[in-house]
Amino acid sequence: MRRESLIAGERERHAVLRVLGERAAEGSRPGARRDRARVALVIEGGGMRGTISAGMALALHEAGVADAFDAVYGASAGAITGAWLLSGTPEQLTGWAEPAYAKAMIRPANLWRGRPVVDVRNLVEHLYREVARMDFDAILAHPVEYHPLATDTETGASTDLRPWLTGPAELRLALRASAALPFLAGPPVALGGRLFYDAGLAESVPYRTALAQGATHVLVLRSRTAPPPGANVPGAVERPSYGSRLVAATALRAHPKALHDVYFARERRLLEDDALLARYDLAEQEGAAVLSVRPGPDAPRVGRLTRDGATLRAALDAGRSAMLHLLAPQG
């Protein structure tokens, strides 16, 4: 896709697309901007459902607009996708659709061995260092800021891990911390003298952190399809599921009440995010310009632990198609 296509019909386009189009058309680079905007890319988590948002990120790379962003914020699987986008080899985002990738991380048999079912350590410390090599130095040196998020086990707060990214080893720990699901992925990860769990406990769609840090324009890559009409209105929240209560009583039992509270509030927070982001999409929310990209209604259903190659390839294609459709010229 030609970069110029982004600015076609720009008067009718969302403010986020307009600024991306203008930057792409002029070849704007981080650190040498001609505008005063701070444009952030935000990538939702969701385990293997992150294959969808990985397809979206791949399309941004293919369209030649990745350098139009000033910062990338990622939660859990979204943090991994963000790292690949800035790694120097973003084409390896296609690895999300490779069964070998999924099998390196999702290991159901580990449940009977007392080991994590979601083996993020093996993924980051083995696969990304020795097989499908991720250039950690390139991510750290990239002029686009990288912001992986995680949940502080002491306070339950969503935490930007960027201050601790002092080298490749710390970056790998941050990737592991951002995706450290309670129970499924083992114990929390230590970084900077603190313990962290998966970002999704506190902020699975990390646009709030991007806005708090001064973003004026935010593009949000969602891994979930849009909720049915009326479902995105926050209302009464049912009692936490049996599974959630089990995780809290086992994996989280030694942690403070603050972490339990934020964990149990996940569903309501997602409803609130859906409602607020919908208002942003329609430019009905004051303040920064925020636009979400979601997979279409025909996108395959991908679970957190999906390993089927055909399903994952379809998910990657669905995300890529959704982004290319958004970037296409408007008639």
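What percentage of the 331 residues in the protein do buried residues make up? The figure is 53%. Bear in mind that this is a predicted model.

I'll start with the overall shape. There are 12 helices and 8 strands in the protein. Along the principal axes, the C-alpha atoms fill a box of roughly 55 × 50 × 40 Å. For a compact globule of 331 residues we would expect a radius of gyration near 20 Å, and the protein has 19 Å, so the two agree.

Next, the contacts. Take those in the protein with a separation of 6 or more: 73% of them are accounted for by residues 24 or more positions apart.

Now the outside. The protein has an accessible surface of about 14600 Å². Carbon and sulfur atoms hold 51% of that surface. As for charge, the protein carries 40 positive and 36 negative charges, and their mean positions lie 4 Å apart.

One element to look at in detail is helix α10, which covers residues 257–264. Which residues of α10 are buried? They are Leu259, His260, Val262 and Tyr263. Looking down the axis of α10, you find these buried residues within an arc of 170°, and therefore they line one face of the helix.

What does that face pack against? The buried residues of α10 pack against two strands, β3 at 145–152 and β6 at 194–197. They also pack against two helices, α9 at 242–249 and α11 at 266–281.

If you have the model open, go to α10 and find Tyr263, one of its buried residues. That's all from me.

Definitions and conventions:
Residues are numbered from 1 along each chain as its sequence is written. This is a predicted model: local features need pLDDT of at least 70, side-chain atom pairs count only at pLDDT 80 or more; totals for chains, interfaces and linings use all residues. Side-chain values use heavy atoms; hydrogens and water are left out. Buried means under 20% relative accessible area, exposed over 50%, partly exposed in between (1.4 Å probe, protein chains only). Helices (H or I, at least four residues) and strands (E, at least two) are DSSP runs, numbered from the N terminus. The arc is that of the directions from the helix axis to the C-beta atoms. Contact means heavy atoms within 4.5 Å. The radius of gyration is taken over C-alpha atoms; the globule rule is 2.2 Å times the number of residues to the power 0.38. Accessible areas come from the Shrake-Rupley method with a 1.4 Å probe; for residues, only the protein chains shown count as cover. Lys and Arg count as positive and Asp and Glu as negative; His and the chain ends are not counted. The place of a charge is taken as NZ of Lys, CZ of Arg, CG of Asp or CD of Glu.
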